[in-house]
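Visitor: I'm new to this one. Could you pick a single part and take me through it closely?

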Amino acid sequence: MPRHYSHLYRELRAIDPTDYHRVIRMYEEREQEIGRLDVKEHFELTVHYVDALFETGAYREHQLMVDLVIHASIQHDIRHMPGREEHVFEQQLFRKAASAFRIGEYATAEHVLRELIRMHPGEAVYGRFLRTTLFRQQQPTLQFGRAVCIFCLLLTALAVTINLLVVQNFLPPYAPLVNSTSIGIFLTGVLTLGGAYALAYYRCRREATHFRAAQANKRRADSL
């Protein structure tokens, strides 16, 4: 038997889904009416609203609303949306991680991505996104590298200035030594910066790879 859709649902679904600002405005203007619709109609309209928040860059608002969609998907066992092939629960989880990442809530993004990897350890995009998120949390290592590099650049500039103004004019035999020292200081700063980034990348890649492999092994063991 064909499903009967309410007038409000048909009216709002007639809006171009890519007209995100209008989708947001109409949902917020009629939120109370939407809340009185049946579960599936309310869910679908809310998903379109949450997606519009994400697409317009309203990431903090998206974080507040996406949990409602995720919980409703679990509570009412809604796995798919009309006209969409992707699993709505996983799509919303992934977008939750993405919006958390955009506003700098890296711990939240990491937690969600680990959950997605537990569900689908073979999904490469989850592993890459986890690696990127872990890298953003390597700030102490990166800040140390940048601080040492800046200090060495300043020290190099000081050494070059002293060499030009003092050593070459009054102590010319020491000019080559000071010049070599300034080059060494400069290289130390650059190598420290590069080493800090390389170390942070290595740590993140190793953690993400090992986590994916562990979840894949667990999945295989559970299936035996």
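**The aromatic cluster and its surroundings**

Guide: Let's look at the rings. Phe94, Phe101, Tyr106, Tyr126 and Phe129 are joined into a cluster by ring pairs. Keep in mind that this is a predicted model. Counting ring pairs by centre distance gives 8 aromatic pairs. One of them is Phe94 with Tyr126, a tilted pair whose centres sit 5.7 Å apart, with 40° between the planes. This pair ties together distant parts of the chain, since Phe94 belongs to helix α6 and Tyr126 to helix α8 (residues 124-136), 32 residues apart.

How covered are these two rings? Phe94 has a relative accessible area of 25%, so it counts as partly exposed. Tyr126 has 8%, and because buried means under 20%, Tyr126 is buried.

A second pair also starts from α8: Phe135 and Tyr197 are tilted too, at 6.1 Å centre to centre and 45° between the planes. Here the link runs from Phe135 in helix α8 to Tyr197 in helix α10 (residues 175-223), with their positions 62 residues apart in the chain. Phe135 is partly exposed, because its relative accessibility is 21%. Tyr197, at 33%, is partly exposed as well.

Now back to the helix that carries Phe94. Helix α6 covers residues 88-102, which makes 15 residues, and spans 21 Å from first C-alpha to last, close to the 21 Å expected at 1.5 Å a residue. Most of α6 is covered, with 13 of its 15 residues buried. After α6 comes Gly104, which has a positive phi, near 80°.

For a contrast in setting, try the nonpolar surface patch. About 1200 Å² of surface is made by a group of residues including Phe151, Leu155, Ile162, Leu165 and Tyr174. Helix α9 (residues 139-170) is the biggest contributor, giving 9 residues. Ile162 is in that helix, and its relative accessibility of 40% makes it partly exposed.

One last stop is Ile15, in the loop between α1 (7-13) and α2 (20-29). Ile15 is buried, because its relative accessibility is 6%. Leaving aside residues up to four places away in sequence, Ile15 touches Arg22, Val23 and Met26. Between the C-alpha atoms of Ile15 and Leu165 there are 72 Å, and the two residues are 150 apart along the chain.

Key. Residues numbered from 1 in each chain as written. Predicted model: local features only at pLDDT ≥ 70, side-chain atom pairs only at ≥ 80, totals over all residues. Heavy atoms only, no water. Patch = residues over 30% accessible without salt bridge, like charges linked within 9 Å, V, L, I, M, F, W, Y side chains within 5 Å. Areas by Shrake-Rupley, 256 points an atom, 1.4 Å probe, with all protein chains shown as cover. Salt bridge = Lys/Arg side-chain N within 4 Å of Asp/Glu carboxyl O. Helix = DSSP H or I, 4+ residues; strand = E, 2+ residues; numbered from the N terminus. Buried < 20%, exposed > 50% of the residue type's maximum accessible area, 1.4 Å probe, protein only. Expected span 1.5 Å × (residues − 1). Contact = heavy atoms within 4.5 Å. Phe/Tyr/Trp six-rings, centres within 6.5 Å; stacked < 30°, edge-to-face > 60°.
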